[in-house]
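Visitor: I am new to this structure and would like a close look at one part of it. Please take me through the salt bridges.

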Amino acid sequence: MNKFSVSRIFSFLFLSIVLIGTQGCSIANMFGGNKGQAVDTNGELIGAQGREGWEMSRPFGMVAVPPGTFHMGQADEDVAATQINYNKQVTIGPFYMDDTEITNNEYRQFVEDITEGSETDLPEGFVVEDLVPDSSVWVRDFTHHMGDPMMVYYWSHPAFDHYPVVGVDWEAAKYFCKWRTDHLNNFRADRGLFPMPNFRLPSEAEWEYAARGGRDMNKYPWGSPYIRNKKGCLLANFKPGRGNYFDDGFAYTSPVGTFFANDYGLYEMSGNVAEWCEDAFNPSAMPLVWDLNPTYFDDDEPKKVIRGGSWKDIAYYLETGTKTYEFKDSTRASIGFRCAMTHLGRSGGNEF
């Protein structure tokens, strides 16, 4: 046998081993085992057989946020002298986040489903009416303000279908996440698929990390320390001056996706509506939480963190490092939410 023949034999053996490794998801294939058939393991530990492989898929309407480390906390002067958000380097695992705030029409699907008898049980002490957006916020939140047109049309009229839902408290936002999880996983279960991870509210750290779009210590999601671009156009929906709400093109909220997305593909992380986060509010939370996926839980604390600022807020509240709160049972014309989902497995965030 010449050298050429020996080389071909070794090449064939190497290729066979590679193909065996790539064609199967488990070592069972090397023993000739198939799903539903007995496998001769020769007494070796090879793991439970017959389990399907898992591939994490991106939920509709969400973007992948890659894992990483950033400096959480204020990115500019603490104008209000709150001293509650000093910088701390933390690491965030991979997750998905809605590319826009939840809209009126998306929330309407949820309301219609629970009204018709959803498989998801209502939270203890809740009735369906507690989960319907509170339209009175447009009148109640502002003194001597002609909010009646917004109260009548904002939730009910199709003209506002693609505007962010408001008038939803923290508890209702949490229940929406539970319903959305059940809605997706019931569909998957009917087709014999593994369940996806739960939809949930993002932690404060996840929200801030996502808002920065991979730009550490940036003041706003768009990266620039300014609120206007080179053409003088405002970069978010907020209140740029005293009595001035319309400079950005909208007196109240704007349709989602109106302003430019940040580098992760997330729209309106600043302005439009502020957003509920998972965390309870504690002025001393920053030194207390861990530096890996920090989240401050306290079921006895009625104040919950909101982030991002809204259409009625000044630029200070649009900063990625500004944190504030609202009581969890409060509904406001300026607060909405978006969902997050944990990514299972290693991810660079760019493969989707």
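Guide: A salt bridge is a side-chain nitrogen of Lys or Arg within 4 Å of a carboxyl oxygen of Asp or Glu. The model shown is predicted, and 20 salt bridges are found in it. Side chains of opposite charge can pair when their charged atoms come close.

Take Arg140 and Asp134, whose side chains form a salt bridge with N and O 3.0 Å apart. Arg140 is partly exposed, at 43% relative accessibility, and Asp134 is also classed as partly exposed, at 26%.

Arg228 and Asp247 make another such pair, with an N to O distance of 3.3 Å. Both residues lie in the loop between H6 and strand S6 (274-280), so their salt bridge ties together parts that are 19 residues apart in sequence. Arg228 counts as partly exposed, with 36% relative accessibility; Asp247 counts as partly exposed too, with 44%.

The pair of Arg212 and Glu208 has its closest N and O atoms 2.6 Å apart. These two residues belong to helix H6 (residues 204-212), and because they are four residues apart there, about one helical turn separates them. Buried means under 20% relative accessible area. Arg212 has 1%, so Arg212 is buried; Glu208, with 0%, is buried as well. Arg212 and Glu208 are also part of a network of salt bridges, in which they are linked with Glu204, Arg307 and Lys323.

Note on methods. Residues are numbered from 1 along each chain as its sequence is written. This is a predicted model: local features need pLDDT of at least 70, side-chain atom pairs count only at pLDDT 80 or more; totals for chains, interfaces and linings use all residues. Side-chain values use heavy atoms; hydrogens and water are left out. Buried means under 20% relative accessible area, exposed over 50%, partly exposed in between (1.4 Å probe, protein chains only).
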